[in-house]
Amino acid sequence: MNSTWSRFNITSIVLGFAFLYLPIVLLIVFSFNESKLVTVWGGFSTKWYVSLFHNQGLMDATWVTARVGVISATVATVLGTLAAITLTRYTRFRGRVLFSGMVFAPLVMPEVITGLSLLLLFVAVGLDRGFFTVALAHITFTMCFVAVVVQSRLVSFDRSLEEAAMDLGAPPVKTFFQITLPVILPAIISGWMLAFTLSLDDLVIASFTSGPGATTLPMKIYSQVRLGVTPEINAACTILIAVVAIGVIIASIANKRREIQRQLDEQAAQRG
Amino acid sequence: MTDIAATAAPSTETATLPARLVKGFVNRLVIIIPYLWLLFFFLIPFIIVFKISLSQTAISMPPYTPVLDFKDGVAGFLAGFRELNFDNYTWLTQDALYFNAYVTSLIIAAISTILTLIVGYPIAYGMARAPATIRPTLLMLVILPFWTSFLIRVYAWIGILKPEGLLNQVLLATGLISQPLVILNTYTAIFIGIVYSYLPFMVLPLYSSLEKMDYSLIEAAQDLGCPPTGAFWKITFPLSLPGVVAGCLLVFIPAVGEFVIPDLLGGSQTLMIGKTLWNEFFSNRDWPVSSAVAVILLLVLTIPIMFFQQAQAKAQEQGR
């Protein structure tokens, strides 16, 4: 295998990853810059982090974003999992084509259209714009991503396990919670995390559907970026990156542990 | 033998009857809940967008005159029908700005998609040929930037590309250029931003189709005297075509309606339809015209989105 992994392949990977990571690394480095100029290094300092925590507007926005993220990711995970089950298990029902279209289209729909259409809906039904409407909007577009993630796991799911449980007399609901759910749980967890980060990240849809008093962190960052690049934003971005990175690393370690445990169990079962 | 079967049958029958009812109800709920949610929050909003794109601008809140109102019964509905007008659409055709914005968006998205493919293919290929033990790590490294905020990644490029930015500092220090390059607020910056932001979307489908490939085919071709470049274009590339199509669609479709990248990196001069819609809505507060812009954008994207759905359905079929 090593002979086929040529120098060309290694170079392209190294360059590719440098391209992917260099901007983020530079952003983090300059958040510790003493100088107010973002591009001139003036010594190490954490003063921007201190001033960040005294910026009430930014802290409020962070709180709003975190709440919207948790609520919308949780509801989206439930709805997305149901949608994934529908897509994989019920191959024939009325309006299935429309349903799969509605699940897949939001994945590639330009955010400006999704945002505008949801805003017009909220205005039409007379819903006051604010925290609640942003959460509803985020549920709607993130549930489709959850559906795709969970669906890919359900497709490879061995249905004979479920059939065995039902043959042994387990009712369908119990079968789902005791057999199906534990097997697809890793996909559900990564679906939740994907939904959470998408919600954390979204600027366009939140800008359309938000109202006074419900400014999210991306909206706040965006309005400050338009005024100019400051180390304070770099510091805010670094914290966001750190939170997400820690979450992803914990999830992947947990996933790996579970995988190893599963392999050990399988080996034990084969021996036993 | 027959005795046991005869006595056993009714007991299982009674046990499964309520279970079956529960199952039928659960089955229906599983479909109905997400279905209704998507109908209400995805499909109906589009119908409203279409409706409002046909109404007139008004200085009020919400800033449009209602059209097709059912308050006055059928007669009012029919009266409203006569008031429907395509003024907003004629307005879009009369002002060259909108047409240019659509065309520019399509061209920018197409060029960026090709650039992303050129940048992404060697990475995906290198990953697919990497030793199997490090492949999961490489895959994780490609996905990881995707988890960090899109806005932040675009923002990071401002500091690099601006005239006194890091790229110019490096280039000036090494003596490659004597004048700082103007990259920020040009189309070049938009290309860089799109390629950078959407690279994982291109690499992942490419990787999954390249990884499945049987490399003994290439060895066979080379044994038969085919040069490496010929083997690439005759074997590797055609076999990776599903990945190429999926990756290109995943980059092209959202890139057409992109707002953040042209707004932050492209400056005020650049013309893209996502930005036009945003300005029409937030600056001009013209909801009917921005709705009309959205409807046309959706029509422009219908064909690629249908291709995408077909590719999804095919991938689903293969997954089974």
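Buried area is the accessible area, taken with a 1.4 Å probe, that two parts lose on being put together, summed over both. By that yardstick, chain B and chain A of this predicted model bury about 8,200 Å² between them. Carbon and sulfur atoms give 81% of that area. On the side of chain B, B:W37, B:W147 and B:Y155 supply 10% of what the chain buries against chain A, more than any other three residues. Counted by residues, the interface brings 91 residues of chain B into contact with 92 residues of chain A.

Polar links turn up across this interface too. The rule finds 10 residue pairs in polar contact between chain B and chain A, with both partners at pLDDT 80 or more. As for where chain B does its touching, helix α1 (residues 2–53) of chain B brings the largest share of its side, 23 residues. The salt-bridge count between chain B and chain A is one.

That bridge pairs the side chains of A:R226 and B:D263, with 3.4 Å from N to O. A:R226 sits in helix α10 (residues 217–227) of chain A and B:D263 in helix α12 (residues 260–265) of chain B, so the pair joins two chains. The two ends have different surroundings: A:R226 counts as exposed because its relative accessibility is 52%, over the 50% cut-off, while B:D263 counts as buried at 11%, under the 20% cut-off.

Over all chains, the salt-bridge count comes to five. One of them lies within chain A, where the side chains of A:K47 and A:E34 meet at 3.2 Å, N to O. A:K47 belongs to helix α2 (residues 47–53) of chain A, and A:E34 to the loop between α1 (7–30) and α2 of chain A, so this bridge ties together parts that are 13 residues apart in sequence. Both ends are partly exposed, A:K47 at 36% relative accessibility and A:E34 at 34%.

Another bridge stays inside a single helix. The side chains of A:R159 and A:E162 meet at 3.5 Å, N to O, and both residues lie in helix α7 (residues 159–167) of chain A, three residues apart, or about one turn of the helix. Here A:R159 is partly exposed, with a relative accessibility of 41%, whereas A:E162 is buried, at a relative accessible area of 6%. The pair does not stand alone: A:R89 is linked with A:R159 and A:E162 in a network of salt bridges.

Then there is the nonpolar side of the picture. In soluble globular proteins, nonpolar side chains tend to be buried together. In this model, the largest nonpolar core has 169 residues, and A:F208 and B:V260 touch the most other members. Leaving out residues up to four places away in sequence, B:V260 touches A:L203 and A:V204 from chain A, along with B:F150, B:L151 and B:V154 from chain B.

How much confidence goes with all this in chain A? The chain averages a pLDDT of 86, and 97% of the residues score at least 70. Within chain A, confidence is highest in helix α9 (residues 204–209), at a mean of 94, and lowest in helix α11 (residues 231–271), at 81.

Methods
Residues numbered from 1 in each chain as written. Chains lettered and ligands numbered in written order. Heavy atoms only, no water. Core = buried A, V, L, I, M, F, W, Y, C linked by side-chain atoms within 4.5 Å. Buried < 20%, exposed > 50% of the residue type's maximum accessible area, 1.4 Å probe, protein only. Contact = heavy atoms within 4.5 Å. pLDDT = per-residue confidence, 0-100. Helix = DSSP H or I, 4+ residues; strand = E, 2+ residues; numbered from the N terminus. Salt bridge = Lys/Arg side-chain N within 4 Å of Asp/Glu carboxyl O. Polar contact = N/O pair within 3.5 Å; in protein donor to acceptor, adjacent residues only side chain to side chain.
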